[in-house]
Amino acid sequence: MPRFNLAKKRGKAKVKIEDKRKAVMNRLLEAHGAEFDVRMSVIQELIPLGLKAVAEELQAEVSRLAGEKHSRGEENVRWGSQNGSVYLRDEKFPVRVPRVRKAEINKEVPLESYQRLQNPFNDDGDILRRLLHGLSTHKYHESSSLAAESFGISASNLSRRFKRCSAQKLKKLQERSLSGNDFVAVFVDAKRYAKDGIMVALGVTLEGRKTVLGIEQVHSENSAAIGQWLDRLIERGFKFEKGILFIIDGSKGIRKAIKNKFGAYALVQRCRWHKRENVISYLSKADKVVFRRRLQDAYNKTTYQEASDALKKIHQDLEEINISAANSLLEGLDETLTIHELGLSVELARSLSTTNCIEAFMSQIGSYTDKVDRWRNSSQIQRWVATSALDVEPRLHRIRGCRFLKVLRFKLEKVVTSRLCKKASQKSEPVAVH
């Protein structure tokens, strides 16, 4: 039997594999060597070798523009160097920048690679996320500094960069088109910031996805201000002709604005949780326990008639205990039963009968904005809310019962058609002459 030198064979195999790896790496480098954007991103990713790579890249561009060193007869000429700085990731480093001039007109020729490295990697995205998640601008240098030579990440500089990025987020939220979405429901709610509030509209598409329609700063929930905001949503392509279900907390200003802008195309579902809490707020501690359970049982009835009868019985009982609580229950009672009237599934009814969806969303926004100790101006409030909303939006789940939203769309179209026909018949009726 022949003898094999296993150690020797393994050694040769190692050499062969190493040669193959080197060949593959060389091919990759050659393939991407001409790709300027790839080289720029590699430079900004490899922080330890970044400064050396920057210097080599700058010198390589100078060679392309002015030829090799000490060459003559070129259109461009070398013109010494000057102090400059480049970004590696989100931090600034000092470098010596070579200069090139066009000999014929004695004009500076800018280096494209240097201009590209003047901007932070990923358009300040890392800084935006870190500051949004609560990292203090005054502690950023200690927690994020990559090298002692870095500079340009002072609190004031970071603040300016955050303002610039968050302003872009606000502009994106306020201007993005809504025409490509088919919305069937919209949640509207507000959150208090300083002395004013921020109104937020959260739309639900036919597929069940949640999308932030827009935000608006208002001092109070008055119909005039909210109406102008709704006009801007319509201008951005918000479609409502097939009918929209609005879920609100019971604000009269919001209700009036919806009626004025959408008329027959809008159905309103008042939040049952808010209605229940408003009613029991008039009662004693013992009565609160009893009527909270009774109201919840009434709203859990399957049909509209059963729920309506149960609520009427509660109203009669409340009249004997506390007339104010009885009047509170009666106010807007029909709008708390819109879901029952449409005859939706129990699963979808749970999602659309209260404002829990948007309140959970506002709570997630609050996990960012509640870190701010002091609100200085309107711009700061809107930038923070918009940036937080866009950061949370991709993580929002579809609403429960989303598979029944097509049924909701059918029911909405049926109601809208009936309303429009009724409105048209009323206009066509002859006027009685007395």
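# Close-up views of a predicted model

**View 1. Packing around helix H10.** The buried residues of H10 pack against strand S8 (266–270) and against five helices named here: H11 (285–299), H12 (304–321), H13 (323–330), H14 (338–342) and H16 (356–369). The model is predicted. Helix H10 spans residues 272–280, and its buried residues are Arg272, His274, Lys275, Arg276, Val279 and Ile280. Residues three or four places apart in an α-helix point the same way, because the helix has 3.6 residues a turn.

**View 2. The protein as a whole.** The protein has 434 residues, of which 42% count as buried. Its secondary structure comes to 18 helices and eight strands. Among contacts between residues at least 6 apart in sequence, 65% join residues at least 24 apart. The accessible surface comes to about 25,200 Å², and carbon and sulfur atoms account for 51% of this surface.

**View 3. The largest nonpolar core.** This core has 48 residues. Those with the most contacts inside the core are Phe187, Ile215, Leu245, Leu352, Phe361, Leu405 and Leu408. Helix H17 (residues 378–392) gives the most to the core, with seven residues. A second, separate core has 23 residues, including Val188, Phe238, Ala257 and Ala266.

**View 4. Surroundings of Phe187.** Leaving aside residues up to four places away in sequence, Phe187 touches Val200, Ala201, Leu202, Val204 and Ile247, and also Ser351, Leu352, Thr354, Thr355, Cys357 and Ile358. Phe187 is also among the residues with the most contacts inside the largest nonpolar core.

**View 5. The hairpin of strands S4 and S5.** Strand S4 (residues 183–193) pairs with S5 in the antiparallel sense over ten bridges. Within this pairing, Ala185 has Val204 of S5 as its bridge partner. The two strands form a hairpin with two residues between them, and Ala194 in the turn has a positive phi of about 55 degrees. S5 covers residues 196–205; nine of its ten residues are buried, so S5 is largely enclosed by the rest of the structure.

**View 6. The hairpin of strands S5 and S6.** S5 also pairs with strand S6 (residues 210–218), in the antiparallel sense and over eight bridges. Val200 has Ile215 of S6 as its bridge partner, and Gly203 has Thr211 of S6. Four residues lie between the strands of this hairpin, and Gly208 in the turn has a positive phi of about 95 degrees. Eight of the nine residues of S6 are buried, so S6 is largely enclosed by the rest of the structure.

**View 7. Aromatic rings around Phe240 and Phe262.** The structure holds seven aromatic pairs. Phe240 and Phe262 form one that is edge-to-face, at 5.0 Å centre to centre and with 75 degrees between the planes. The pair links distant parts of the chain, 22 residues apart: Phe240 is in the loop between helix H8 (223–235) and strand S7 (244–248), while Phe262 is in helix H9 (residues 252–262). Both Phe240 and Phe262 are buried. Ring pairs join Phe183, Phe238, Phe240, Phe246, Phe262 and Tyr265 into a cluster. Phe238 of this cluster is included in the second nonpolar core.

**View 8. The open sheet of strands S1, S2 and S3.** Three strands make up an open sheet in the order S1-S2-S3, with antiparallel pairing. Strands S1 (76–88) and S3 (107–108) stand at the edges and have a single partner strand each, so one side of each is left without a neighbour in the sheet. Two bridges join S2 (residues 91–102) to S3, and these strands run antiparallel. Lys102 has Lys107 of S3 as its bridge partner.

**View 9. Arg101 over Trp79.** The charged end of Arg101 sits over the ring of Trp79, 5.4 Å from the ring centre. Arg101 falls within S2 (residues 91–102), and Trp79 falls within S1 (76–88).

**View 10. Thr387 in helix H17.** Thr387 lies in helix H17 and is buried, with a relative accessible area of 2%. Not counting residues up to four places away in sequence, Thr387 touches Leu128, Leu132, Ser166 and Lys169. Thr387 and Lys171 are 216 residues apart in sequence and 10.0 Å apart in space, C-alpha to C-alpha.

Methods:
Residues numbered from 1 in each chain as written. Predicted model: local features only at pLDDT ≥ 70, side-chain atom pairs only at ≥ 80, totals over all residues. Heavy atoms only, no water. Core = buried A, V, L, I, M, F, W, Y, C linked by side-chain atoms within 4.5 Å. Buried < 20%, exposed > 50% of the residue type's maximum accessible area, 1.4 Å probe, protein only. Contact = heavy atoms within 4.5 Å. Pairing = 2+ DSSP bridges. Phe/Tyr/Trp six-rings, centres within 6.5 Å; stacked < 30°, edge-to-face > 60°. Lys NZ or Arg CZ within 6 Å of the ring centre and 35° of its normal. Areas by Shrake-Rupley, 256 points an atom, 1.4 Å probe, with all protein chains shown as cover.
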